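Thanks for making time. I have one structure to walk through, and I will keep to a few elements of it.

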Amino acid sequence: MNCPNLNSRRPRRKPHPLPQVVLTCLRHERLIALFLIFATIFLTSCTNTVETPAANATVKDDLSKIHAAMRKIEPFFKPMGKPEGYDWLGSHNEPGQTFDEYVAGDPTKPTKQRNKIYVLPLGTFTSQQKKVIDITAGYLEAFYGLPVKMMAAKAIKRPLSVKDSRRTKYSKVEQVRTGYLMEDVLKPILPGDAAALIAFTNEDLFPDETMNYVFGQASLEERVGVWSLYRLGDHASYDVFLRRTLKIAAHETGHMFSMRHCIKYECVMSGTNYLGETDRRPIDACPECSAKIWWLTGAEPAARYKKLAEFCRNNGLAHEADEFTRKAAAVR
Ligand SMILES: [Zn+2]
Ligand SMILES: [Zn+2]
């Protein structure tokens with residue numbers, strides 16, 4: 001998804017009036033710097049909160065089962081091809097992250113104390129957007145196997161200060177600064193048992209004066225993030241808008257559990273530079289990334305796929321429901 005990642009260390013460029021697609025790339029590079037700061041703080045601090053893995057024998061046993069299941073779902077995924085046009089990997093030299101690398105990297109995991117994902121509708125929404133946020137909460141629950149709590153919708157107090165909002169020629173509406181939302185709105189209401197608090201907003205967002213807009217931003221150290229629906233094209237079609245929102249939610253939550261961008265397959269955890277690339281990606285995670293979720297949450301692969309199939313069937317995602325059902329059968 002169009003967001004920062006832990007690996008890239010590309011130099012920051014100055015903003016410049018370039019075509020929109022190129023500007024999208026530049027926005028990502030700027031975010032990388034922000035993300036690296038968060039990641040550094042987070043990786044330093046997480047050692048006290050990450051649960052110690054089970055005894056070695058059990059881990060070995062689990063890992064071999066996970067590797068066996070990974071092989072069984074390989075046929076469902078398309079290997080990542082050579083980047084075309086403005087594809088993410090054409091402008092981001094990323095190393096990827098295998099399941100084994102992920103486990104070796106001591107990633108952040110939900111703990112006994114912090115085991116819920118909170119979803120907050122922030123601001124005002126159309127009825128279609130409200131419906132999609134509700135469905136997305138259900139998808140996160142099935143995808144990560146963690147309880148998801150929908151928080152009561154919260155308004156953004158206006159007028160906003162000059163430093164927390166702006167109007168530019170790149171946006172038709174007043175934009176809201178992500179740092180304000182995370183620091184002043186989300187952090188004060190972060191529940192103690194939250195593994196992550198994800199706010200969805202219909203506001204157009206910006207992180208600072210060097211960037212035209214961002215789709216979202218997360219602070220891993222603080223366990224809060226905000227993502228905007230504003231540029232996801234809810235006017236396009238309900239199905240397209242729903243799938244984009246599910247992908248962004250699953251992808252960004254994956255980052256909050258230390259999952260890096262995937263370069264091995266067309267995968268929900270692959271970086272994307274534009275909505276067309278997002279649309280090309282599945283709502284599911286590839287074998288390497290699914291293995292991370294199985295290991296992270298202790299989910300049994302077949303049972304998890306059955307839940308995902310049921311979720312998709314109940315929400316009009318017939319193709320995905322069929323795929324998840326076949327994956328459930330494959331990993332049995
Ligand atoms: Zn990302
Ligand atoms: Zn993947």
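Which residue in strand 5 is the bridge partner of Leu120? The partner is Ala199. Please keep in mind that this is a predicted model.

That pair belongs to a longer contact. Strand 1, residues 116–122, and strand 5, residues 194–201, pair in the parallel sense, with seven bridges between them.

Strand 1 has another neighbour. Strand 2, residues 148–150, runs parallel to strand 1, and three bridges join the two. Within that pairing, Lys149 of strand 2 stands opposite Tyr118. To get from strand 1 to strand 2, the chain passes through helix 5, residues 127–144, and this β-α-β crossover is right-handed.

Now, how covered is strand 1? Seven of its seven residues are buried. Lys116, Tyr118, Leu120 and Leu122 point one way, while Ile117, Val119 and Pro121 point the other way. Both sets are buried, and the first of them includes a lysine, Lys116.

Last, helix 7, residues 238–256. Does its length come out as expected, or not? At 1.5 Å a residue, its 19 residues should span 27 Å, and the end C-alpha atoms are 27 Å apart, so the two values agree. In the calculation, the 1.5 Å is multiplied by one less than the number of residues.

Helix 7 is also mostly covered, with 15 of its 19 residues buried. After the helix comes Ser258, which has a positive phi, near 70°.

That is what I have for today.

Terms used
Residues numbered from 1 in each chain as written. Chains lettered and ligands numbered in written order. Predicted model: local features only at pLDDT ≥ 70, side-chain atom pairs only at ≥ 80, totals over all residues. Heavy atoms only, no water. Buried < 20%, exposed > 50% of the residue type's maximum accessible area, 1.4 Å probe, protein only. Helix = DSSP H or I, 4+ residues; strand = E, 2+ residues; numbered from the N terminus. Pairing = 2+ DSSP bridges. Right-handed = clockwise from strand over helix to strand, strands pointing away.
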